[in-house]
Amino acid sequence: MARIRKDAEQQPKHQVSMVFDLNKCLGCQTCTIACKRLWTRDEGMEYMWWATVNTQPGRGTPRDYEKMGGGFDSEDVPRAGHLPTRGEFGDAWKFNYDEVFYGGKGSKVHLKPEGDTTWGPNWDEDQGGGEYPNSYFFYLPRICNHCTHPACLDACPRAAIEKREEDGIVLINEDRCRGYRFCMEACPYKKIYFNQARKVAQKCIFCFPRVDKEVAPACARMCPGRVRFAGYLDDPEGPIYKLVKDWKVAIPLHPEYGTEPNVYYVPPIAPPRLDKDGNVDESSPRIPTAYLEHLFGPAVHGSLEILQREMDKTRGGGKSELMDLLISRRWLDMFHNLDRDPATLEWTAKT
Amino acid sequence: MLVVAKLSADHGALMDPAASVWQPIKSTALALEATPTGTQPTPYTRTSWKDRKIGAVPGVGVQAAHDGESIFVRLEWVDANENRSVEDNNVFPDGAAIVFPVKETAPIDTMGSETEPVNAWQWQANSERGRSVVAHGVGSTEPSTEAVDVAAVRSGDHWQVIISRKLAGADGSVSLNPGGASRFGVAVWEGGNGERAGFKGYTAKWTDIRLADA
Ligand code: HEM
Ligand code: SF4
Ligand code: SF4
C-alpha cells in the first residue's frame, strides 16, 4: 500500500538542525560523553549512546547499520528493517569490579571485561581504509536526524512519536510507548535504543529543554573542534541556512533512505595522495569520491567542488566567506539563535 | 456458546492453572488466525510483515468459571518456545489476551470502533500483573484502571494461563453479570516469532458466553 503523504500539512513552523564539519572532527568523543553525562545515565540506559562518532570507512554503530534496512524506497513505501541487538550496538561491557576491589584478590586478579567482548560501540576506531602511504580515515558523528519525514514516527502503531510543531524535534512520548520497537526497525539510521528497565524506546531529544531556553544542545556546545553548528534550518541569518541553502556545501547522510534528515555534513577533503616516489599526486583524491558518494549521495560532487574552490582562494591569499564561516573564529556564531550561556539559566530542581 | 461455570472454590485455587478445580470444567478449543496486515494502523506495519508468518500459535483451549464476584478464564496452548523476558532488543515476551465488547455491536477485527469500544485483559510472560485496556479501533488502546489478576505456569511445552477480573467493571470497561450473556475473543502473541501489538493469532469471530447463575 502506497504511503499517503501528509507531510505538507504537518510541516513544523521551524526546524532545528545541525551541520557537522567533517574536516574538523578530532574523534575525541567529547560530544558523545557530554550526551551520556546529561541524558543516558539511568538504569536501562547503560548501553545507549545517543550521540556517536565512528571512524569511516568502518562498520558504524550499530555494527553494519547501513545494511539493516528501514526508511523508504524510491516510491516512498516503507522498507522492512532489522532490529539492532545490544550486541550490535556494542553493549555496555561489565567488568569484574567486585572481584578486584572488594574480593580480597586485588593483587592476583586483574580488571577485565566479562562476557562477549568481540565488539564495542567504537570498535574499529582509526582503522579506516586505503594502503600506506595513501591510507585515509575520517570521523563521522551521528545523532538522530530529527527527520522531516521520520520513518520512526511513521511506523509507530500507537502514535507515540511526535514531531514538535514549534521546532520539528522528533520525540518519543514515553507515556504512550509500549515498547513495540517498530520505530527501531523502521529508522534507517538505527538511532533508537530500547530501555529494558523501563520497556520504552529512547533516542536523542536534541536537548529540547535547552533549546526551549535558547541554549545549544550539549554535544554542540562541548565540541572542542568547533565541528557542530546548531540552530534553525529556516533562519537565513544563521550559519546552517548559509551552509545548506546558500552555499550548498552541507548535505545529508544517506539521502536515499528517504527520511529527509535535518543533520547535514560538510564532506571531508584529505591531504593529497603520494606516488611511489613520495611525490604529491593530485590525479585522484586520497578519500575515494565513490566512497563519499556512497555516504552522501551525488550531491557530494558539487559540495567538494565548492569547498576545493574556496580553499584554493584562501591558499592564493584571497578571502573566502565560506572558509570564514567554516573556521568559526567567533565560537558563539556557530549557534546563532541558540547561543545563550546555560550558566545564565536558573533551572528548577525536579521534585 | 461457552458456559462460565459457577464455582464456590476458593479464589486461590481458581487462580492456579494447575489446580484440580479446573479438571472437570469443559475446555472449548478455539482456532486462532493471523491478524490481517491490511488494517494495521501505520504504513510500516502494513508492509513490513507482508512476507512474515503472523500467528504462530494456531489454537487455544479455553475454560471459564466465576464465583459470583470474579471471572476466571483459563487459557492453554502449545508453545515450545518459551519467551519470558525482553533481555535483548529483538526478544519479545509471550502473551495472551481476552477481549469483550463494551458495546455489543463492536467489531473484533479492528479491536472495536470509534463508537463501539472493546475491553481486553492482557497477560505477558514478563510481568506478574495483568493489564486492562479499552480500545476504540486498531492502535487506540488506553489502559483502564481496574485490576486484572494473572497467573501462568509451564506444563511441558504448554502455557497454562489464568486471567481474572471482578465481574463488575468500571472506567469504560466491560461489566458481566451472573445469569447474563456476552461474547469474547482471544489473542495469543508468540514472542519467539517477534509477535507484539497488532501481530498475533486471534479468534476472527466472537464466541458467545453465558454466565451460570447462582
Ligand atoms: C481477539 C482479538 C484481539 C485481542 C484480544 C487484542 C488485544 C490487544 C491488546 C491487549 C493490545 C495491547 C497490547 C500491548 O499493549 O502490549 C493490543 C494492541 C494492538 N492490537 Fe489488538 N487485539 C485483538 C485483535 C486485533 C486485530 C484483529 C488487530 C488488527 C489489525 C489488532 C491490532 C492491534 C494493534 C495495532 C495494537 C497495538 C496498538 C495499541 O497498543 O493500541 N488487534 N491488542
Ligand atoms: S533519524 Fe531515525 S529516529 Fe531520528 S527522526 Fe529520523 S527516522 Fe526517526
Ligand atoms: S564532533 Fe567535536 S566533540 Fe564530537 S568527536 Fe568530533 S571534535 Fe570531538
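**Close-up views of chains A and B**

**Figure 1. Strand 2 (52-56), helix 8 (218-222) and strand 10 of chain A are among the elements that cover the buried residues of helix 2 of chain A.** Contact means heavy atoms within 4.5 Å. Helices (H or I, at least four residues) and strands (E, at least two) are DSSP runs numbered from the N terminus. The model is predicted: local features need pLDDT of at least 70 and side-chain atom pairs pLDDT 80 or more, while totals for chains, interfaces and linings use all residues. Residues are numbered from 1 along each chain as its sequence is written, chains are lettered from A and ligands numbered from 1 in the order in which they are written, and side-chain values use heavy atoms, without hydrogens and water. Helix 2 spans residues 30-39 of chain A, and its buried residues are A:Cys31, A:Thr32, A:Ala34, A:Cys35 and A:Lys36. Buried means under 20% relative accessible area, exposed over 50%, and partly exposed in between (1.4 Å probe, protein chains only).

**Figure 2. Helix 9 of chain A (residues 239-246) has the buried residues A:Pro239, A:Ile240, A:Leu243 and A:Val244.** These buried residues line one face of helix 9 of chain A, because they fall within an arc of 110° when seen down the helix axis. The arc is taken from the directions from the helix axis to the C-beta atoms. Four elements of chain A pack against the buried residues of helix 9: strand 1 (16-21), strand 10 (228-232), strand 12 (263-266) and helix 12 (321-327). After helix 9 of chain A comes A:Lys248, with a positive phi near 55°.

**Figure 3. Two residues of chain B, B:Met111 (SD) and B:Lys200 (NZ), coordinate the iron atom of ligand 1 at 1.7 to 2.2 Å.** Donors are N, O and S atoms within 2.8 Å of the metal (3.2 Å for Na, K and Ca), and sites may look incomplete because water is not among the atoms. The two residues are 89 residues apart and link distant parts of the chain: B:Met111 is in the loop between strand 6 (95-101) and strand 7 (118-124) of chain B, and B:Lys200 is in the loop between strand 12 (181-189) and strand 13 (201-202) of chain B. The site of the iron atom of ligand 1 is octahedral, with six donor atoms and angles of 86 to 178° among them. Six donors count as octahedral if opposite donors are over 155 degrees apart and all others between 65 and 115. B:Met111 is partly exposed, at 21% relative accessibility, whereas B:Lys200 is buried, with a relative accessible area of 9%.

**Figure 4. Twelve residues are listed around ligand 2: A:Cys144, A:Asn145, A:His146, A:Cys147, A:Pro150, A:Ala151, A:Cys152, A:Val170, A:Cys187, A:Tyr189, A:Ile192 and A:Lys203.** A residue is near a molecule if one of its heavy atoms lies within 4 Å of it. By class, nine residues of the shell are nonpolar, two are polar and one is charged. Ala, Val, Leu, Ile, Met, Phe, Trp, Tyr, Cys and Pro count as nonpolar, Asp, Glu, Lys and Arg as charged, and the others, including Gly, as polar. One of the residues around ligand 2, A:Cys187, is in the loop between helix 6 (182-186) and strand 8 (193-195) of chain A. A:Cys187 is buried, at 10% relative accessibility. Leaving out residues up to four places away in sequence, A:Cys187 touches A:Gly69, A:Ala151 and A:Ile192.

**Figure 5. Ligand 3 has 13 residues around it, and A:Cys25, A:Cys28, A:Gln29, A:Cys31 and A:Cys223 come nearest.** The shell around ligand 3 holds nine nonpolar, three polar and one charged residues. A:Cys31 also appears in Figure 1, as a buried residue of helix 2 of chain A.

**Figure 6. B:Asn83 is in the loop between strand 5 (70-78) and strand 6 of chain B.** B:Asn83 is buried, with a relative accessible area of 12%. Its contacts, not counting residues up to four places away in sequence, are B:Phe92, B:Pro93, B:Asp94, B:Ala125, B:Glu190, B:Gly191 and B:Gly192. B:Asn83 and B:Gly192 are 109 residues apart along the chain, and 6.2 Å separates their C-alpha atoms.

**Figure 7. Two cis peptide bonds of chain A join A:Gln56 to A:Pro57 and A:Tyr132 to A:Pro133.** For A:Gln56 and A:Pro57, omega is about -5°. A:Pro57 lies in the loop between strand 2 and helix 3 (86-89) of chain A. For A:Tyr132 and A:Pro133, omega is near 5°. A:Pro133 lies in the loop between strand 4 (113-114) and strand 5 (138-142) of chain A.

**Figure 8. A:Asp91 has a positive phi of about 55°, and so does A:Ser328, with about 55°.** A:Asp91 is not a glycine, and neither is A:Ser328. A:Asp91 is in the loop between helix 3 and strand 3 (94-95) of chain A, and it is partly exposed, at 26% relative accessibility. A:Ser328 follows in the segment after helix 12 of chain A; A:Ser328 is buried, with a relative accessible area of 5%.

Methods:
Four donors count as tetrahedral if all angles lie between 85 and 135 degrees; four count as square planar and six as octahedral if opposite donors are over 155 degrees apart and all others between 65 and 115; anything else is irregular.
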